[in-house]
Amino acid sequence: MAKAVCVNGYKRPAGAGADAGERQAARKRRKADGGGGGGPEEKSSRLSAALFGEDCEISRDQLYELLKYAALGKCHNATQPSWCRIYHQSQLAGVVVIVLREMSQLHFYKFYLQFKHLRKVFRHRFTLTPSTNFLASLCGEGANLEPQNTAQGLTSTSNECIPKNSDLECDPIIRKYGGKKRGLTGYMLTLEEQKKYDYPIKGSPRCKGYIYTECDQQRTDSSPLFGLDCEMCLTAKGNEVTRVSLVDAQGQCLLNELVKPESTVVNYRTRFSGITKKMLLPVKTRLPDIQTRLKKILPRDAVLVGHSLNGDLQALEMIHPSVIDTSLLFARNEGRRFKLKFLAKAVLGKEIQCEQKLGHDPAEDARAALELAQFFIEQGPAKAAELNLEMLLTAEVSQNKAALQPQGCRVQKQLNEPPHLPTPCFLDCLQVTGQKPLLLGRQELDSSGLRQSNLSISNKQVLRRALADVPLSTFSVIQFSLGPEYTASHLLAGLCEKVRSKLTDMLTIYAGPFEENFCLKSVKKEFGRCGPICSLTVVTETHEPYVCVQYEVLEAAQLAVESLNGAEIAGSCIKVQRPVSAAMLDCDVLIKELELDVENEGVIYVAGLKKSLTETDLQEEFSQLKDLETLFLPKDLQSGRHRNCCFLKFQKSQSAVDALEVINGWTVKGSKLRSRNALASGHLWRWIWQMNHNTGKQGGNILYEKMEQLSDSEQELRKKVKKLDHHVKKLYRSLQNNTLCIILFPGVNSTHGSQSGLGLMGIKDDGGRSAC
């Protein structure tokens with residue numbers, strides 16, 4: 001993923017919150033001033049210009065961080081999100097979330113030219129972890145939202161809500177495992193599940209160089225369990241292990257070792273890892289030493305247990321075939337997961353990860369995960385389901401909230417209020433402050449929680465209601481829908497295949513003709529100066545030899561077409577062009593629109609860098625460029641090493657234009673640089689990489705007659721997308737200035753395949769665009 005390094009640095013936001021009354025007064029003042037910025041004492045809200053963190057795939061929890069802080073501010077104990085910043089939050093006029101149901105990042109780039117408004121207005125975009133039902137997960141509900149399922153089947157005993165036995169069948173644990181006990185082998189992840197949840201797999205290209213534990217003996221229900229947990233620090237390479245703990249089935253610690261990372265540590269993450277620079281100074285142990293020790297300790301039929309164990313194995317760069325993941329074992333709806341700290345308390349009655357301690361203790365976490373798995377295996381799924389963990393979690397959140405109230409109020413509330421269904425945690429936070437959220441679309445909110453509304457409601461009707469009601473609410477969620485007829489698996493698979501094919505063609509160039517015995521090495525070197533090459537092959541079907549070069553980034557292919565067409569390479573004057581096909585007829589238009597995309601404003605692409613150059617070297621080389629704001633280093637998603645290119649973001653567009661003139665032909669450490677305007681942002685770069693490395697995983701082959709249906713459906717879909725873009729445009733124009741607007745393509749997560757979601761966000765300014 002593209003890694004961001006702030007060159008000129010951002011000031012940390014002062015970020016004063018405000019209560020609901022103060023915000024309402026501020027909004028009235030702005031309205032009286034014409035909705036603009038007001039006098040000098042008022043400042044407009046702004047989003048930070050760079051997404052913070054090593055990865056720009058945003059999870060649902062991270063999205064909640066942003067929504068909670070935007071809606072509540074610091075006065076209500078909301079904190080700045082970990083991955084971006086909102087400046088002057090108290091000046092926000094409101095928060096509007098527009099959900100484009102049944103749509104994913106695939107739809108945005110397949111119909112990029114149709115989304116004319118979205119791509120010209122919203123400067124910030126991020127990949128979103130796919131969600132089956134975003135709104136239900138936002139509300140903290142996992143309930144089935146079919147209209148007929150209105151009863152929740154709850155009875156009251158003392159002060160506890162216990163599900164009726166008949167309703168246990170609806171529990172996600174029972175739906176996954178059934179009610180009967182199994183042996184431990186019944187809870188191990190299958191190979192397909194390991195692939196789905198990003199576990200290292202033997203033979204996978206992404207796991208090249210990983211060490212296999214060689215525990216390949218057949219597992220039985222009496223195979224030994226081992227708890228594993230690691231703590232990581234952020235280094236120049238990415239996440240690297242700094243501490244490893246392994247415990248046996250009796251809870252005895254077999255390994256608890258500090259590990260010195262290979263790369264320079266960027267962030268010790270002491271708050272979570274407990275690791276400090278001082279602790280690692282005397283350490284000599286390296287990752288290969290730990291890998292060797294683990295291989296020696298683990299018997300041939302060992303089963304590893306951990307909480308989100310995929311991250312630990314990825315950091316250890318090890319492959320183990322048999323695992324039990326407690327974050328998946330205690331299943332939840334909508335793909336959500338319980339935290340280890342909560343499970344340890346709710347199931348085992350143990351307090352772990354205490355705030356008094358500095359960071360997590362990996363031995364403690366490994367032991368907790370192991371005991372959770374042992375509980376599940378010994379007691380069975382029915383006992384685990386009877387714990388009613390969702391209700392316990394909601395009760396814990398409510399308790400924490402109630403603890404902030406005066407004691408008299410809490411007692412009176414308990415006496416007066418009968419037991420009731422838990423309200424969604426996020427919306428509950430809003431209602432505590434007196435803000436009533438507005439939810440419009442096929443799912444709406446009433447006193448009993450989230451419910452399915454009229455399925456026949458049209459997008460036009462939703463828009464009409466939104467234009468009338470959004471100005472009256474401080475927090476709104478508006479849902480537009482494609483309709484179920486556009487979510488068929490063959491249609492999604494067909495769209496995916498078409499987009500992948502087009503992206504491949506856009507990343508590919510043909511060059512030639514060359515002499516019969518031309519020097520392939522010199523050709524590869526010359527084309528490599530345009531950017532990272534995925535593959536280079538010689539075309540022999542022609543009278544004279546040509547080469548086919550497939551790049552990893554769009555800018556590299558475009559740079560090759562622009563700078564090498566007509567050049568003399570390897571003794572021949574060559575022509576450079578992209579493949580010619582029906583899908584590529586609008587390639588030039590698409591390239592131009594990508595270049596003009598508001599997200600690429602002030603961003604340039606630089607190629608020809610030596611891979612030996614460090615971040616410090618690059619910062620020093622480019623520091624003389626005026627208004628340079630951020631340096632982005634694309635990394636290989638397998639090796640973690642940075643590529644021979646980078647992206648530079650400038651505070652002003654003109655500064656970017658000036659930099660292009662300076663950089664082209666510039667020599668850095670003996671390497672001649674080439675540059676052009678950027679085409680693909682970080683999240684798009686990652687998505688292109690995933691599309692090209694997931695061939696065949698998104699639904700298989702499509703029959704010929706299905707392709708004909710696809711062609712018809714695609715035409716209808718294109719029209720529908722154009723209307724949706726128009727609806728969003730109309731709604732966005734009606735919003736007050738200083739309104740945070742977030743557009744969500746929730747993504748697809750089903751048995752037929754998974755497609756990442758996409759988020760676009762911005763705070764509306766006087767010009768009608770999103771402000772940075």
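**Exercise 1.** How many bridges join strand β22 to β23, and do they run parallel or antiparallel?

*Solution.* A quick note before we start: this is a predicted model, where local features need pLDDT of at least 70, side-chain atom pairs count only at pLDDT 80 or more, and totals for chains, interfaces and linings use all residues. Residues are numbered from 1 along each chain as its sequence is written, and side-chain values use heavy atoms, leaving out hydrogens and water.

Step 1: find β22 at residues 533-539; six bridges link it to β23, and the two run antiparallel. Strands here are DSSP runs of E with at least two residues, numbered from the N terminus, and two strands pair if DSSP finds at least two bridges between them.

Step 2: look for a facing pair, and you'll see Leu536 opposite Val549 in β23.

Step 3: check the link, where six residues sit between β22 and β23 in a hairpin.

**Exercise 2.** Work out how β21 meets β23, and why β23 is largely enclosed.

*Solution.* Step 1: β21 (residues 508-512) is joined to β23 by four bridges, again antiparallel.

Step 2: Ala511 has Val547 in β23 as its bridge partner.

Step 3: five of the six residues in β23 (residues 546-551) are buried, so the rest of the structure largely encloses this strand. Buried means under 20% relative accessible area, with a 1.4 Å probe and protein chains only.

**Exercise 3.** Is Leu225 buried or exposed?

*Solution.* Step 1: place Leu225 in strand β10, residues 225-235.

Step 2: its relative accessibility is 8%, so Leu225 counts as buried.

Conventions. Buried means under 20% relative accessible area, exposed over 50%, partly exposed in between (1.4 Å probe, protein chains only).
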